[in-house]
Amino acid sequence: MWWKSWSDFWAMGGHAFFVWMSFGALLAGVVVEGVLLRVRRARALAAIEEERDLEAEN
Amino acid sequence: MNWFYFSSPVTFYGLAGRLAPWFFALAALSAAWGLWLGLAVAPRDATQGEVYRVIFIHVPTAWMSMFLYFLMACYCALTLIFNTRLSAMMARAIAPTGALFTFLALWTGSFWGKPTWGTYWVWDARLTSELVLLFLYFGYMALANAFEDPRRGDRASALLAIIGVVNLPIIYFSVQWWNTLHQGMSVGPKGSSMHPTMLQAMLVMSFSAWMYAAGAALARVRSVILERERRAQWVRDLGRS
């Protein structure tokens, strides 16, 4: 283990802003893609449902 | 094993659904290990200090941005040569994740560049060619969705993706061909010049990025299949059973 304390860890030797902006972007990117994947699947399933209803009406 | 069995969207839909969670699980486990190694175990870099830890995201995302583009272009080539439907769907499923990795490579590079080079951005060969890669992904996605008939979109965008492959060696060798601010290769065919723990963390994070990309592409291709096969009987029967 490299760090002596949590505050030592968060400070990143004075480069906290640059390090956490990078790791934060990775986290944000993965979360956003996860949401988009779910939204896309929900939309695709809704479109199938719609298609089915249209067919039932005719 | 009959590979053509899985080249049908119907069977691949099920296979992708079974595989994706495993890839995501492997990605999460290896990310936990890689982040532990990179953020907690690895020592400070002698010249750059702690900020070098950006490397554990920057290099894996940059590698994957190129690898995914190459993979996407291979699927595009299959689309043009054999006119297979699934390959075009796979290419469409890979593109957004490839674009995300390209963006992350550029973003983390810029936040690494500021404290070490003194600037967020410079128009040098490595950075510019990686930015071109991002625009290639965007162009591919825009072109793929620009046609009323998705099969025409498949073919037009496949051609663009294949032409764009010339950018990959330019990115990879840019640090050798031109005088650039970007550092040269630390890890390459000739071995590595890195501290063993740092190298291990970087490789574990790369494995994680790879597994994540596979999971995301497989999860997305299921939606692409549903969108494209909306009118097929097997899709209509999906929700009923």
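Is B:Tyr69 buried or exposed? In this predicted model, B:Tyr69 is buried, with a relative accessibility of 0%. Its ring partner B:Tyr137 is buried as well, also at 0%.

The aromatic pairs are a convenient way into the structure, and the count over all chains is 22. One of them is in chain A, where the ring centres of A:Trp10 and A:Trp20 lie 5.2 Å apart. Their planes stand at 55°, and the pair is tilted because that angle falls neither under 30 degrees nor over 60. A:Trp10 belongs to helix H1 (residues 6–11) of chain A and A:Trp20 to helix H2 (residues 16–57) of chain A, with their positions 10 residues apart in sequence, so the pair links distant parts of the chain. A:Trp10 is partly exposed, at 48% relative accessibility, and A:Trp20 is partly exposed at 23%.

The rings of B:Tyr69 and B:Tyr137 make another such pair, this time in chain B, with centres 5.3 Å apart. Here the planes are at 75°, so the arrangement is edge-to-face. B:Tyr69 sits in helix H2 (residues 55–82) of chain B and B:Tyr137 in helix H4 (residues 125–144) of chain B; the pair therefore ties together parts 68 residues apart in sequence.

Back in chain A, A:Trp10 and A:Trp20 also belong to a cluster joined by ring pairs, together with A:Trp3, A:Trp6, A:Phe9 and A:Phe23. Chain B has a ring with a charged neighbour: B:Arg222 lies over the face of B:Tyr13, 4.1 Å from the ring centre.

Next come the helix crossings of chain B. The axes of helix H3 (residues 85–117) and helix H7 (residues 196–228) of chain B approach within 8 Å and cross at roughly 135°. H3(B) is therefore oblique to H7(B), and the crossing is right-handed. On the H3(B) side the contact includes B:Leu86, B:Met89, B:Met90, B:Leu100 and B:Phe101. On the H7(B) side, the contacting residues include B:Ala209, B:Tyr212, B:Ala213, B:Val221 and B:Arg228.

H7(B) also crosses H2(B), the helix that holds B:Tyr69. The axes of H2(B) and H7(B) come within 8 Å and cross at roughly 45°, so these two helices are oblique to each other. This crossing too is right-handed. Among the H2(B) residues that take part are B:Ile55, B:Phe56, B:Trp63 and B:Phe67; they belong to a set that meets H7(B) residues including B:Met198, B:Met202, B:Ser206 and B:Trp210. B:Ala209 and B:Ala213 of H7(B) appear in the contact with H2(B) and in the contact with H3(B).

Two loop residues of chain B complete the tour. B:Phe147 lies in the loop between H4 and helix H5 (150–164) of chain B and is partly exposed, at 28% relative accessibility. Apart from neighbours within four places in sequence, B:Phe147 is in contact with B:Arg152, B:Gly153 and B:Ala156. Its C-alpha atom is separated by 29 Å from that of B:Ala20, 127 residues away along the chain.

B:His182 is placed in the loop between helix H6 (167–177) and strand E1 (187–188) of chain B. Its relative accessible area is 19%, and B:His182 counts as buried because the cut-off is under 20%. Not counting residues up to four places away in sequence, B:His182 touches B:His58, B:Trp117, B:Asp124, B:Arg126, B:Leu127 and B:Val175.

Key:
Residues numbered from 1 in each chain as written. Chains lettered and ligands numbered in written order. Predicted model: local features only at pLDDT ≥ 70, side-chain atom pairs only at ≥ 80, totals over all residues. Heavy atoms only, no water. Phe/Tyr/Trp six-rings, centres within 6.5 Å; stacked < 30°, edge-to-face > 60°. Helix = DSSP H or I, 4+ residues; strand = E, 2+ residues; numbered from the N terminus. Buried < 20%, exposed > 50% of the residue type's maximum accessible area, 1.4 Å probe, protein only. Lys NZ or Arg CZ within 6 Å of the ring centre and 35° of its normal. Axes fitted to C-alpha atoms, helices over the stretch in contact; angles between N-to-C directions. Parallel < 35°, antiparallel > 145°, perpendicular 65-115°, else oblique. Left-handed = near helix turned anticlockwise from the far one by under 90°. Contact = heavy atoms within 4.5 Å.
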